[in-house]
Number of protein chains: 2
Amino acid sequence: MTNIRTVAKKAGVSVATVSRAMQKPDVVSEKTRKKVQEAARDVGYKPNMMAQVFRSKKTHSILVLVPDMSNPFFAQVISGIQKAVRPRGYNLVLGNTLGNQQTERDLAQLLITNQTDGIIQLSARYPLDEQDKGGHRLLPIVNCCECVNDDSMPTVQLQNEEAAKAMANYLVGLGHSRIGVITGPPESPLTIGRMAGYKAALEEHRLTFEQQIIVEGDYSLVAGEKGVAAILSCGVAPTAIFCFNDEMAFGAMRELKQQGLRVPADVSVAGFDDLPFSKYMNPALTSVRQPSLDFGAVAVNQLFELIEGRVMRQRHQLLPFELAIRSSTCEASNL
Amino acid sequence: MTNIRTVAKKAGVSVATVSRAMQKPDVVSEKTRKKVQEAARDVGYKPNMMAQVFRSKKTHSILVLVPDMSNPFFAQVISGIQKAVRPRGYNLVLGNTLGNQQTERDLAQLLITNQTDGIIQLSARYPLDEQDKGGHRLLPIVNCCECVNDDSMPTVQLQNEEAAKAMANYLVGLGHSRIGVITGPPESPLTIGRMAGYKAALEEHRLTFEQQIIVEGDYSLVAGEKGVAAILSCGVAPTAIFCFNDEMAFGAMRELKQQGLRVPADVSVAGFDDLPFSKYMNPALTSVRQPSLDFGAVAVNQLFELIEGRVMRQRHQLLPFELAIRSSTCEASNL
DNA sequence: TCAAAAATTGATAGCGCTGTCATTCGAATT
DNA sequence: AATTCGAATGACAGCGCTATCAATTTTTGA
């Protein structure tokens with residue numbers, strides 16, 4: 001094995017100098033730096049990163065905990081994280097938790113055991129046990145895309161409530177007075193926030209809230225189908241359905257079609273996320289656009305504030321949304 | 001810091017015994033194991049994984065090189081890899097290369113520098129320089145989803161040519177005699193294989209090959225739109241278009257609609273991959289189903305053969321395809 | 001019961017590197 | 001030429017753990 005000592009011998013300098021020449025080139029003289037670089041090249045030296053990591057206690061990697069890799073929204077967020085992390089010389093370790101809390105905990109232990117420098121958590125809960133909470137000082141863990149508003153960790157989140165309210169307002173503005181909703185898991189802060197926005201919009205326009213056209217989903221394609229089936233099965237169909245993510249909206253449109261209803265002529269459908277695909281649906285899906293790539297960038301910034309021990313100006317960052325109005329929504333037909 | 005020595009002292013045993021009690025519980029007596037476990041719990045001992053990794057030269061992580069994280073097909077493959085890797089106690093490190101060869105090389109250096117135990121490469125090229133090729137013995141690098149048929153690394157790939165041929169045959173069987181194609185990058189083995197299958201089907205039915213209705217794409221949504229535009233711009237439109245992935249098919253369907261052509265009444269469209277979304281398109285997309293999750297599992301198996309130095313029975317694994325026939329294709333209209 | 005074999009434990013080196021501190025060198029100043 | 005001072009380098013400990021081998025204890029079998 002060619003190690004640092006081989007290089008030192010070849011270059012006729014001490015191991016410390018070799019180390020410095022590689023890690024902090026500005027503190028060694030031009031001449032020795034050249035000498036060392038040549039020697040390293042000659043003997044084909046590759047520093048053993050594991051030794052470096054062990055010694056310097058910096059892994060240069062961060063862990064992303066993601067409940068579901070194959071969800072395209074998360075895939076985009078991860079892309080954003082990746083892009084923000086690479087220029088800093090960090091690597092991404094991916095932890096697919098499948099929503100399982102134990103897996104999440106196991107993976108988060110990587111932080112405690114020095115295997116990673118920080119964590120970006122894409123689910124709603126603090127990934128570690130209470131006992132590992134690191135006392136007064138915040139551990140380098142950042143929540144992204146969900147809204148955990150206690151102070152266990154900094155967050156980066158969308159203006160969720162406002163976004164849902166804006167979409168609901170838009171639908172109401174089209175003349176829809178009965179708007180069905182397919183939500184996320186009811187205990188999720190995301191669902192709670194978006195429902196609050198929805199209700200606020202109804203109240204503003206003095207529309208009555210109907211529990212029976214609100215159904216629960218799990219963000220999957222089939223949840224959209226089942227959701228529509230449930231809504232249709234209990235009486236007069238609403239003229240619009242607001243799905244709390246795009247995949248459920250895809251499912252919803254499919255089921256509506258299956259049941260002989262036209263989108264948007266009979267029922268308007270709106271989604272949330274604005275996946276790249278949504279524009280390509282037929283009809284193209286109206287949705288709430290989330291700045292998915294920015295999420296990653298901002299979360300990484302937050303995380304490095306923690307890792308480098310700087311004071312955080314703002315613990316909870318809110319990112320703006322946009323409405324992407326397309327052809328899956330139209331004016332309510334006046335029957 | 002509570003390290004192994006703290007535990008040893010507390011338990012009244014040697015550090016070696018503590019190490020053994022943690023790593024190979026079966027070689028220490030029940031009594032001491034209990035004693036050590038208690039002591040470890042009492043002092044809140046978390047082994048420093050970095051020291052372990054450094055010392056034992058096993059990182060228990062594997063690197064996945066992926067050209068584009070937000071491609072849902074890759075996302076699925078990665079999911080499959082993840083699932084196969086977790087039970088072995090390994091973690092996944094994700095390298096988003098964006099198709100950039102330098103990034104790929106940099107990341108692949110993690111193998112050389114002992115930062116990872118193996119690599120699964122989702123692009124078509126060998127990720128390291130020739131000089132790092134490890135001489136006679138194969139380095140633990142496996143290619144997945146692409147077809148590199150030299151012996152630089154084992155591969156897991158689809159029966160590509162057969163799949164494309166089957167789809168082309170199916171379209172011909174519906175009465176389509178002029179079938180446009182939107183391919184991948186022309187130099188890619190994937191494209192070459194699929195084109196070979198397409199041509200074979202034509203020849204079998206004595207149909208003429210028309211270069212002008214074959215256009216190049218890059219697997220993106222917009223490539224599908226542009227591809228259709230290009231095909232339509234040069235004369236009589238074909239009655240079917242075969243896209244070498246589903247995303248391009250989505251783009252193609254959109255552009256066809258935009259140009260006033262109906263799918264499938266005027267033009268049938270077929271894709272490749274069978275993404276979960278494809279079934280939800282309107283019309284639902286006919287496609288070649290790839291066993292995306294199996295890819296991951298098989299690739300991981302191959303990789304561990306290499307890591308554990310076993311002899312490989314089969315260097316190049318072929319996985320089977322299926323045709324998913326849906327409503328974006330139908331019999332050719334007889335004009 | 002006692003020697004031999006097996007199971008368990010302890011002592012210690014050292015993985016490859018970086019941090020620390022001491023030393024040396026070279027240029028600048030008097 | 002002598003002194004000073006900062007820059008550059010060297011020497012070396014030791015990070016926390018595991019591998020190795022030696023020492024000890026327990027078990028086994030005659």
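**Exercise 1. How many salt bridges does the rule find across the interface of chain B and chain A?**

*Solution.* Start with the rule: a salt bridge is a side-chain nitrogen of Lys or Arg within 4 Å of a carboxyl oxygen of Asp or Glu. Applied across the interface of chain B and chain A, the rule finds zero. Next, look at polar contacts, which are pairs of N or O atoms within 3.5 Å; within protein, one atom must be able to donate a hydrogen and the other to accept it, and residues adjacent in sequence count only if both atoms are side-chain atoms. Between chain B and chain A, 11 residue pairs are in polar contact, both residues at pLDDT 80 or more.

A note on the model: it is predicted, so local features need pLDDT of at least 70 and side-chain atom pairs count only at pLDDT 80 or more, while totals for chains, interfaces and linings use all residues. Residues are numbered from 1 along each chain as its sequence is written, chains are lettered from A and ligands numbered from 1 in the order in which they are written, and side-chain values use heavy atoms, leaving out hydrogens and water.

**Exercise 2. Which turn lays chain B on chain A?**

*Solution.* Superpose the copies by least squares on the C-alpha atoms of residues with pLDDT of at least 70 in both. A turn of 180 degrees, with a shift of 0.0 Å along the axis, gives an RMSD of 0.1 Å. The two copies are thus related as by a two-fold rotation axis. Now find the residue of chain B that comes closest to this axis: V93(B), at 2.1 Å (C-alpha).
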